[in-house]
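Here is a short walk through a predicted model. Begin with the core, then turn to the pocket, the backbone and the cysteines.

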Amino acid sequence: MKTNPVISDVDFDKLVKMTKLTLSTHETKSIHPQLDEALKAVKVFDELDLKDVPPLAHPGNLKNVMRPDVITPSFSQTESLSNAPAQHDGYFMVKGVLKEQDS
Amino acid sequence: MSDLSKLTLAESRHGLSQKDFSSVELTTACLDSIKHQESTLHAFVTVLEDDAIESAKLADKNLASGAWNLDTHPLAGIPLSLKDNFLTKDQKTTASSKVLDNFYPQYDATVTAKLRAAGAVIIGKNNMDAWAHGSSTETSDFGPTHNPWDPTKLPGGSSGGSAAAVSSNEVICAIGSETAGSIRQPASWCGVIGFKPTYGRVSRYGVVAMEASLDSPGPLAKTVADAALLLGIIAGHDHHDATTPNLPVPNYAKALTKNISGMRIGIPNEYFLSDAQDGINDLVMRSAKQLEKLGVTLVEVSMMDPKYSIADYTIIQRAGVSSNLSRYDGVRYGHDRSYFGEEAKRRIMLGSYALSSGFYDAYYKRAQQVRMLLKRDFDRIFSSVDAILAPTSPSTALPLGATKGQSMFGELSDVLIEGSSLAGLTGVNIPVGLLGGLPVGMQLMANHFAEQTILNLAYAYEQSLSWKENTL
């Protein structure tokens, strides 16, 4: 049974791109309605009076924590790179994001 | 010698200090137990046999020379396991995701470091739902863990490997982590003690992150006293985690008492669901009456319907996931994003949608407002009671495959836990009986940093009867 999606097909495609995920055809078919279902679950919030209720981001009574800006031991370059699949001259190597333009 | 792997932590400590056996013998007994049972249970992603024997030899040497004792090294020579989302230096840490199946951390999580400093023998890394996304351990990229009580059943999750390993005597005790139910629910389904500390009581540094305002590491153990001892070791302020308040850590184990007379326990009618599996509510109410016999006053209370916490947790957790999993790009460590499983993809996408411009107010902001209402509701209840009692899970362990096509399986199975997690409270699962041969768990929840309150209640209950004889 097809019901109206909460997330439009256009927004769904945007979401895939934005999250840098690759979905198989099967995943696209299964995930889209599941996201719709999860979003519909917030319907229960309509039963609550949220007027003047401030949002709660954190359950504790924490304040921002400052510390002196002192140098402490840290990883060596070798340690930092020890899990990097691609590296060059002591740097992490990433895929190119800029393309050369044909002249 | 009887099977040493069956010992509790307290018994193991006693035996080691009396030189009844060595750490190598104890560790070998656990490794044998793992070898015999892993083909059925699959509670581990990695077994660290060589490292464990090495650590055990070191403990034996130091215990023999007197360099270590139970005061300086309270876990000297004790074989235990860690959920595979705790970083272990130079030892593979995957969070049960293929994205990290080649990741060898450069440092220890604070919890790992504290356990090592206490002399523990880290015997392996437990299977879990991939990225801790789930309540079944069925979403592990390396295959599900099976319930030791009945291998055709799920162990719960996400700390299902840790719960199963403790329950089956593969280890003496274990460490898991909970965002909303991931310690208490598998403890309930596997019949062990599972303790979720107050948010911030135990450092999150070096724990693969799920939702930064919820994640709470905690112990899974065979007895309440064992859980209390472990909690005292892993708790405390950590300058690497700014959300750990600089409060003294009580000696929970030493302060344990069976004297609970005069304490008040709230029983919220809304948490005894009408559609819970037959027998669960009865067994848990019977256990409440047992606590009454021990001197507590039971108080009927009315709370917000736990159904609101399902949607609330779903939105808040997914938002956290989308943020925390954005760092996995395969550049500095691990594989690229094409290695994410379907569950992770679903959660990343939902969270990104709920946080995105135009939808933020309707989803994320409203969820945070509901979170405030849930928190206020608990504040109100704790002005008149010391703890709240309820079933941990509305069912006993479900069959393998139960999560198939159920994208909100975890949210529904953790309905009785999510509210207390969103409010940052401490909670404990205590096994209270058997239903159809499977364990039933009761949970006690208490206010921020009131760990001792529920440890004492759980201890008094545990010491007053044999829970496995409690059946309907």
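Start inside. The largest nonpolar core holds 162 residues, and Leu75(B), Trp131(B) and Leu389(B) touch the most other members. Helix H12 of chain B, residues 361-382, gives the most to this core, with 10 residues. In soluble globular proteins, nonpolar side chains tend to be buried together.

Take Leu389(B) and look past its neighbours within four places in sequence. Its contacts then include Ile265(B), Gly266(B), Ile267(B), Pro268(B) and Phe272(B). Val284(B), Ala288(B) and Leu291(B) are also in contact with Leu389(B). So are Met442(B), Gln443(B) and Leu444(B). A second core, separate from the largest, has 5 residues, among them Trp189(B), Ala397(B), Phe409(B) and Leu438(B).

Now the open space. Rolling a probe the size of a water molecule over the atoms shows where empty space is left. The largest pocket encloses about 590 Å³. Which residues lie nearest its centre? They are Lys95(A), Asp329(B), Gly330(B), Val331(B) and Asp336(B), out of 19 lining residues. By class, the lining has 7 nonpolar, 7 polar and 5 charged residues.

Next, the backbone. Most residues other than glycine have a negative phi, and most peptide bonds are trans. Three places deserve a look against that background.

A cis peptide bond joins Gly157(B) and Ser158(B), with omega about 10 degrees. Ser158(B) sits in the loop between strand S3 (121-126) and helix H5 (160-167) of chain B.

Lys20(A) has a positive phi, near 50 degrees, and is not a glycine. This residue is in the loop between helix H1 (9-18) and helix H2 (25-40) of chain A. Lys20(A) counts as exposed because its relative accessibility is 63%, and the cut-off is over 50%.

Phe449(B) also has a positive phi, near 65 degrees. Its loop lies between strand S11 (438-446) and helix H15 (451-464) of chain B. Is Phe449(B) exposed, partly exposed or buried? At 31% relative accessibility, Phe449(B) counts as partly exposed.

Finish with the cysteines. A disulfide is a covalent bond between the sulfur atoms of two cysteines. How many disulfides are there over all chains? The count is 0. For Cys30(B), the nearest cysteine sulfur belongs to Cys173(B), 9.2 Å away. The cut-off for a disulfide is 2.5 Å, so Cys30(B) is in none. Cys30(B) counts as buried, at 0% relative accessibility. Cys190(B) is in no disulfide either, and its nearest cysteine sulfur, that of Cys173(B), is 16 Å away. Cys190(B) is buried, with a relative accessible area of 0%.

Notes: Residues are numbered from 1 along each chain as its sequence is written. Chains are lettered from A and ligands numbered from 1 in the order in which they are written. This is a predicted model: local features need pLDDT of at least 70, side-chain atom pairs count only at pLDDT 80 or more; totals for chains, interfaces and linings use all residues. Side-chain values use heavy atoms; hydrogens and water are left out. A nonpolar core is a set of buried Ala, Val, Leu, Ile, Met, Phe, Trp, Tyr and Cys residues joined through side-chain atoms within 4.5 Å. Buried means under 20% relative accessible area, exposed over 50%, partly exposed in between (1.4 Å probe, protein chains only). Helices (H or I, at least four residues) and strands (E, at least two) are DSSP runs, numbered from the N terminus. Contact means heavy atoms within 4.5 Å. On a 1 Å grid over the protein atoms alone, a cavity is a set of points where a 1.4 Å probe fits but cannot get out, and a pocket is an open set with protein on both sides within 12 Å along at least five of seven lines; lining residues have an atom within 4 Å of a point. Grid points are joined across faces, edges and corners, and a volume is the space filled by probe spheres set on the points. Ala, Val, Leu, Ile, Met, Phe, Trp, Tyr, Cys and Pro count as nonpolar, Asp, Glu, Lys and Arg as charged, and the others, Gly among them, as polar.
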